[in-house]
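User: I would like to go through this chain by question and answer. Please keep to what the coordinates support.

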Amino acid sequence: MDQRLTSAAIHHTKEKLMAGISKKFGQGLAGLAIGLVVLGAFVGKDDNHRGSEDAPMPKVAPSPYAKLEKLHKVISVRPLDSATKQVTIAIRQDSIFSGGNQAKDVLEHARKDLADVPYDTIAVQMVEQLVDKYGREFEKPILQLTYARADVEAINYDRVIGWNVLNVAKVTSLDPISGHIVDQECFGDDGMARDNLKYAREFCLKARLAPPDA
């Protein structure tokens, strides 16, 4: 009797032990499966992350002002002002009339490069190199030439010269010293001033009477 009980007890203990092992084994498999799923998610996320890094960056359209900014003698380009519909370009010049040739170059490029920009006017600020009473050099905007879009597009750049380009402009004074410079370069006694007045008379008169910038 005791022996049968003992055998039964041993058999029962074995069943419990096997059941426990099976349960632990099942839990282990379930844990392993969950671990693989989680690992797969991280791997997939990492792959996606690497994929986004490896993907080519979208192309950005070049600025329509980029070529203008690189032109000889151009100091700066102020993009389209949404309120005034004006693009402003500052140029460095040795004289007002050398500035006429620089303005021609700027307008010719602007006609092509800004074809898709909805500007109404282009303003060319003429920056002069001056010398103060101490002999120190400095630069200052002295005149602004404003061109309507229709004029920018109508000019024949293959044949026009700097004097003509100055004659077409609306002229605004940016500094009181501009009057002194205009008197020298338009109404002076030397041959160059006489030529300037002869071929750019319209500009000289407008520049002498130019209203100050508001």
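The turns below take up the fold, the disulfide, the aromatic pairs and one lysine.

Analyst: This is a predicted model, in which local features need pLDDT of at least 70, side-chain atom pairs count only at pLDDT 80 or more, and totals for chains, interfaces and linings use all residues. Residues are numbered from 1 along each chain as its sequence is written, and side-chain values use heavy atoms, with hydrogens and water left out.

User: How many helices and strands does the chain have?

Analyst: Helices (H or I, at least four residues) and strands (E, at least two) are DSSP runs, numbered from the N terminus. Along the sequence they follow the pattern α-α-β-β-α-β-β-α-α-β-α-α-α. The count is eight helices and five strands.

User: Which cysteines form a disulfide?

Analyst: A disulfide is a pair of cysteine sulfur atoms within 2.5 Å, and a search of the whole structure finds one. The sulfur atoms are 2.2 Å apart, and the residues are Cys 186 and Cys 204.

User: Where do Cys 186 and Cys 204 lie, and how many residues apart are they?

Analyst: The pair links distant parts of the chain. Cys 186 is in helix 6 (residues 177-187) and Cys 204 in helix 8 (residues 201-208), at a separation of 18 residues.

User: Is Cys 204 buried or exposed?

Analyst: Buried means under 20% relative accessible area, exposed over 50%, and partly exposed in between (1.4 Å probe, protein chains only). Because its relative accessibility is 0%, Cys 204 counts as buried.

User: What kind of aromatic pair do Phe 97 and Phe 203 form?

Analyst: Rings of Phe, Tyr and Trp (its six-membered ring) pair if their centres lie within 6.5 Å; planes under 30 degrees apart count as stacked, over 60 as edge-to-face and the rest as tilted. Phe 97 and Phe 203 are 5.8 Å apart centre to centre, with 85 degrees between the planes, so the pair is edge-to-face.

User: Which parts do Trp 163 and Tyr 199 tie together?

Analyst: Trp 163 and Tyr 199 form a stacked pair, 4.6 Å centre to centre with 20 degrees between the planes. The pair ties together parts 36 residues apart in sequence, because Trp 163 lies in helix 5 (residues 162-168) and Tyr 199 in helix 7 (residues 191-199).

User: Which side chain of opposite charge is nearest to Lys 104?

Analyst: Lys 104, in helix 3 (residues 96-113), is buried yet has no salt bridge (a side-chain nitrogen of Lys or Arg within 4 Å of a carboxyl oxygen of Asp or Glu). Lys and Arg count as positive and Asp and Glu as negative; His and the chain ends are not counted. At 5.6 Å, the nearest side chain of opposite charge is Glu 108.
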